[in-house]
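Visitor: I should like to go through this model by question and answer. Please begin with whatever term is required, and then turn to the contacts.

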Number of protein chains: 2
Amino acid sequence: MQISSRFTIALHIFAAMDVFGKDYKITSDFLAGSIQVNSVIIRNILSQLRNAGLIKVSRGTGGAELAKAPEEITFYDIYAAVESVEDGKLFRFHKNPNPDCPVGRNIHLLLDDMLDDIQDAMEKEMKRYTVADLNGGIEDLIGAETSENQIGVEAENQAGTETEA
Amino acid sequence: MQISSRFTIALHIFAAMDVFGKDYKITSDFLAGSIQVNSVIIRNILSQLRNAGLIKVSRGTGGAELAKAPEEITFYDIYAAVESVEDGKLFRFHKNPNPDCPVGRNIHLLLDDMLDDIQDAMEKEMKRYTVADLNGGIEDLIGAETSENQIGVEAENQAGTETEA
DNA sequence: AATCAATGTAATAACTTTCGTTATAACGAT
DNA sequence: ATCGTTATAACGAAAGTTATTACATTGATT
């Protein structure tokens with residue numbers, strides 16, 4: 001099984017808040033336009049991010065904004081906020097190992113630490129990335145995009161990009 | 001979403017093969033008795049492990065055995081064999097980010113490397129564990145169990161375990 | 001060659017989770 | 001009071017997991 005798209009949608013939300021936050025009110029409809037999923041899905045995810053203390057959402061008037069500095073919001077915070085996993089465990093366990101079998105009786109004891117190690121490795125890497133990285137990255141990408149189109153000569157000189165005709 | 005229990009079932013299978021392989025023929029019914037899931041589930045997982053070259057399964061006569069040395073079978077090999085994830089990607093992506101939006105147009109470029117890093121961290125940790133670790137671990141646990149019951153005095157002397165009454 | 005225990009695999013269904021959609025109440029500024 | 005918006009419930013469609021039944025096939029044994 002894969003981790004649900006709520007996580008990438010949430011990351012998309014943060015990137016959009018950075019790019020458009022100054023010029024637009026970040027409503028669920030606005031976000032739904034960029035992400036192209038139903039605005040109720042967006043609102044549910046916004047609620048989860050709000051409950052986790054990562055953003056503030058204005059009722060009535062509308063709009064979302066960060067509740068913390070971008071450097072203080074890690075990918076793990078976002079993942080934990082939107083991915084509602086039972087017990088926070090990444091690996092699902094078969095439910096009824098046989099207690100009358102030496103292996104069945106000990107399988108949890110055997111695996112739990114190892115599986116936790118693996119999950120920890122993932123979560124530790126998730127904590128290395130923050131919304132600040134997201135913001136820097138999306139700004140660079142959009143910047144590169146506009147310089148490609150508007151001052152293509154520079155781009156050619158630097159990177160030798162082949163332009164058609 | 002969690003990773004499916006096929007992974008822990010597969011690990012259970014390897015542990016059972018180690019503990020019982022010398023005294024019993026490891027059939028899907030035998031395994032189903034320890035894991036307590038339907039034997040067809042077991043057979044499907046055995047087939048996936050066989051297709052990945054990790055075990056050999058005897059048709060007709062029945063029974064499963066390792067196809068490689070225990071040290072050469074990593075948790076990642078097992079995970080990859082049984083967890084049929086699209087493109088091998090851990091993170092599901094929302095399908096239709098808006099190409100007319102600068103963020104929607106760049107979100108994949110923005111996230112793909114970061115998400116791959118996170119997935120790599122998990123898979124790298126998975127590669128550190130092998131079936132040999134599994135075997136050593138389950139043998140230790142079962143050994144500790146029997147010494148608790150049969151020569152409880154030793155266990156008390158060593159670990160100061162509290163026994164009731 | 002017939003038997004038998006076992007695997008391989010298809011088909012179906014129950015169950016769970018995700019995602020989409022509609023509907024409605026509540027909010028807050030104007 | 002109105003209007004745009006959020007909050008949330010309810011329902012359903014779609015996809016994935018797990019369980020179960022069924023049956024053809026295999027290969028050793030007799």
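Guide: Contact here means heavy atoms within 4.5 Å. The model is a predicted one.

Visitor: Which residues of H4(B) meet H1(B)?

Guide: Helix H1 of chain B covers residues 6–20 and helix H4 of chain B covers residues 75–82. From H1(B), the participants are B:Arg6, B:Phe7, B:Ala10, B:Leu11 and B:Phe14. Those they meet in H4(B) are B:Phe75, B:Ile78, B:Tyr79 and B:Val82.

Visitor: How many nonpolar, polar and charged residues does the contact of H1(B) with H4(B) have?

Guide: Tyr is counted as nonpolar in this classification, and Arg as charged. By class, the contact of H1(B) with H4(B) therefore has eight nonpolar, no polar and one charged residues.

Visitor: Is H1(B) oblique or roughly antiparallel to H4(B)?

Guide: The axes of H1(B) and H4(B) come within 9 Å and cross at roughly 130 degrees. Roughly antiparallel requires an angle over 145 degrees, and roughly perpendicular one of 65 to 115. H1(B) passes H4(B) in a right-handed crossing. Because of its angle, H1(B) is classed relative to H4(B) as oblique.

Visitor: What is the arrangement of H5(A) relative to H5(B)?

Guide: Helix H5 of chain A and helix H5 of chain B, residues 102–128 in each, pack with their axes 8 Å apart and at an angle of about 155 degrees. Angles over 145 degrees count as roughly antiparallel. The arrangement of H5(A) to H5(B) is therefore roughly antiparallel.

Visitor: Is the crossing of H5(A) and H5(B) left-handed or right-handed, and which residues make the contact?

Guide: H5(A) passes H5(B) in a crossing that is right-handed. The residues of the contact divide into eight nonpolar, no polar and four charged. From H5(A) come A:Asp117, A:Ile118, A:Ala121, A:Met122, A:Glu125 and A:Met126. From H5(B) come B:Asp117, B:Ile118, B:Ala121, B:Met122, B:Glu125 and B:Met126.

Visitor: Which element gives the most residues to the surface near DNA strand C?

Guide: DNA strand C is surrounded by 26 residues, the closest being A:Ser5, A:Asn38, A:Gly60, B:Ser28 and B:Arg50. By class, this surface has six nonpolar, 13 polar and seven charged residues. With five residues, the element that gives the most is H3(B).

Visitor: Which side chain has an N or O atom 3.2 Å from a base nitrogen of DNA strand C?

Guide: Of the atoms of DNA strand C within 4 Å of the protein, 67% belong to sugar or phosphate, with the rest in bases. One base oxygen of this strand is 3.4 Å from a polar backbone atom of A:Gly60. A sugar or linking oxygen lies 3.4 Å from a polar side-chain atom of B:Arg92. The side chain 3.2 Å from a base nitrogen is that of B:Arg43.

Visitor: Which element gives the most to the surface near DNA strand D?

Guide: DNA strand D is surrounded by 27 residues, the closest being A:Met1, A:Ser28, A:Gly60, B:Ser5 and B:Gly60. Sugar and phosphate account for 64% of the atoms of this strand that come within 4 Å of the protein. H3 of chain A and H3 of chain B each supply at least two residues. With five residues, the element that gives the most is H3(A).

Visitor: How far is a phosphate oxygen of DNA strand D from an N or O atom in the side chain of A:Ser28?

Guide: A polar side-chain atom of A:Arg50 lies 3.2 Å from a phosphate oxygen of DNA strand D. A:Arg59 has a polar side-chain atom 3.5 Å from a base oxygen of this strand. For A:Ser28 and a phosphate oxygen, the distance is 2.7 Å.

Definitions and conventions:
Residues are numbered from 1 along each chain as its sequence is written. Chains are lettered from A and ligands numbered from 1 in the order in which they are written. This is a predicted model: local features need pLDDT of at least 70, side-chain atom pairs count only at pLDDT 80 or more; totals for chains, interfaces and linings use all residues. Side-chain values use heavy atoms; hydrogens and water are left out. A residue is near a molecule or strand if one of its heavy atoms lies within 4 Å of it. A polar contact is a pair of N or O atoms within 3.5 Å; within protein, one must be able to donate a hydrogen and the other to accept it, and residues adjacent in sequence count only if both atoms are side-chain atoms. Helices (H or I, at least four residues) and strands (E, at least two) are DSSP runs, numbered from the N terminus. Axes are lines fitted to C-alpha atoms, for helices over the stretch in contact, and angles run from 0 to 180 degrees between N-to-C directions. Angles under 35 degrees count as roughly parallel, over 145 as roughly antiparallel, 65 to 115 as roughly perpendicular and the rest as oblique. A crossing is left-handed if the near helix is turned anticlockwise from the far one by less than a right angle, and right-handed if clockwise.
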